[in-house]
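Student: Please take one close look at the nonpolar core of this protein. Which residues build it, and what surrounds them?

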Amino acid sequence: MTFESMSNMAAQQDYEQALQELLANPAGVGYNKAINALMKLYPQWKQYEWEHCLQEDLREAKDKA
């Protein structure tokens, strides 16, 4: 967990919930929810960084499952 996620627990929880939704239903609204949560956590990032982070986290979650 990064400093940003520790300082914004609501956005971190939103992100984790969105990741689970996205894993359960890839065609659902989880992607937009996850990107929006990342935007709150890391407003200094660019679009490609949010997308890369989301893809990496999805890959890790699938590997754990």
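Tutor: Start with a definition. A helix here is a DSSP run of H or I with at least four residues, numbered from the N terminus. By that count, Ile35 sits in helix α3. Keep in mind that this is a predicted model.

First, the frame around the core. The protein has four helices and zero strands. In sequence order the pattern reads α-α-α-α. The radius of gyration is 11 Å, close to the 11 Å that the globule rule gives for 65 residues, so the protein is as compact as a globular protein of that length. The C-alpha trace spans about 25 × 20 × 20 Å along its principal axes.

Now the core itself. The largest nonpolar core holds 15 residues. Within this core, Tyr15, Leu38, Leu41 and Leu54 have the most contacts. Three elements each give two or more residues to it: α2 (9–24), α3 (30–41) and α4 (47–64). Across the whole protein, buried residues make up 28% of the 65 residues.

Take Leu54 next. Neighbours within four places in sequence are left aside here. Leu54 then touches Tyr15, Leu19 and Leu22. Leu54 also touches Tyr31, Ala34, Ile35 and Leu38. Two of these partners, Tyr15 and Leu38, are also among the core residues with the most contacts.

Back to Ile35. Its relative accessibility is 6%, and buried means under 20%, so Ile35 counts as buried. Leaving aside neighbours within four places in sequence, Ile35 is in contact with Gln47, Trp50, Glu51 and Leu54. Ile35 and Leu54 are 19 residues apart along the chain. Their C-alpha atoms are separated by 7.4 Å.

Ala37 is another residue of helix α3. Its relative accessible area is 3%, under the 20% cut-off, so Ala37 is buried. What does Ala37 contact, once neighbours within four places in sequence are left aside? The partners are Ala11, Asp14 and Tyr15. Leu54 is not on that list. The C-alpha atoms of Ala37 and Leu54 are separated by 10 Å, with the two residues 17 apart along the chain. Tyr15 is in contact with Ala37, and Tyr15 is in contact with Leu54 as well.

Glu16 gives a view from outside the buried set. Glu16 is placed in helix α2. Its relative accessibility is 39%, between the 20% and 50% cut-offs, so Glu16 counts as partly exposed. Glu16 and Ala65 are 49 residues apart in sequence. From C-alpha to C-alpha, they are 15 Å apart in space.

Last, the wider setting. Count the contacts between residues at least 6 apart in sequence: 46% of them join residues at least 24 apart. The protein exposes about 4,500 Å², and carbon and sulfur atoms supply 54% of that area. There are 6 positive and 10 negative side chains. The centres of these two sets lie 3 Å apart.

Key
Residues numbered from 1 in each chain as written. Predicted model: local features only at pLDDT ≥ 70, side-chain atom pairs only at ≥ 80, totals over all residues. Heavy atoms only, no water. Rg over C-alpha atoms; globule rule 2.2 N^0.38 Å. Buried < 20%, exposed > 50% of the residue type's maximum accessible area, 1.4 Å probe, protein only. Contact = heavy atoms within 4.5 Å. Areas by Shrake-Rupley, 256 points an atom, 1.4 Å probe, with all protein chains shown as cover. Lys, Arg positive; Asp, Glu negative; His and termini not counted. Charge placed at Lys NZ, Arg CZ, Asp CG, Glu CD. Core = buried A, V, L, I, M, F, W, Y, C linked by side-chain atoms within 4.5 Å.
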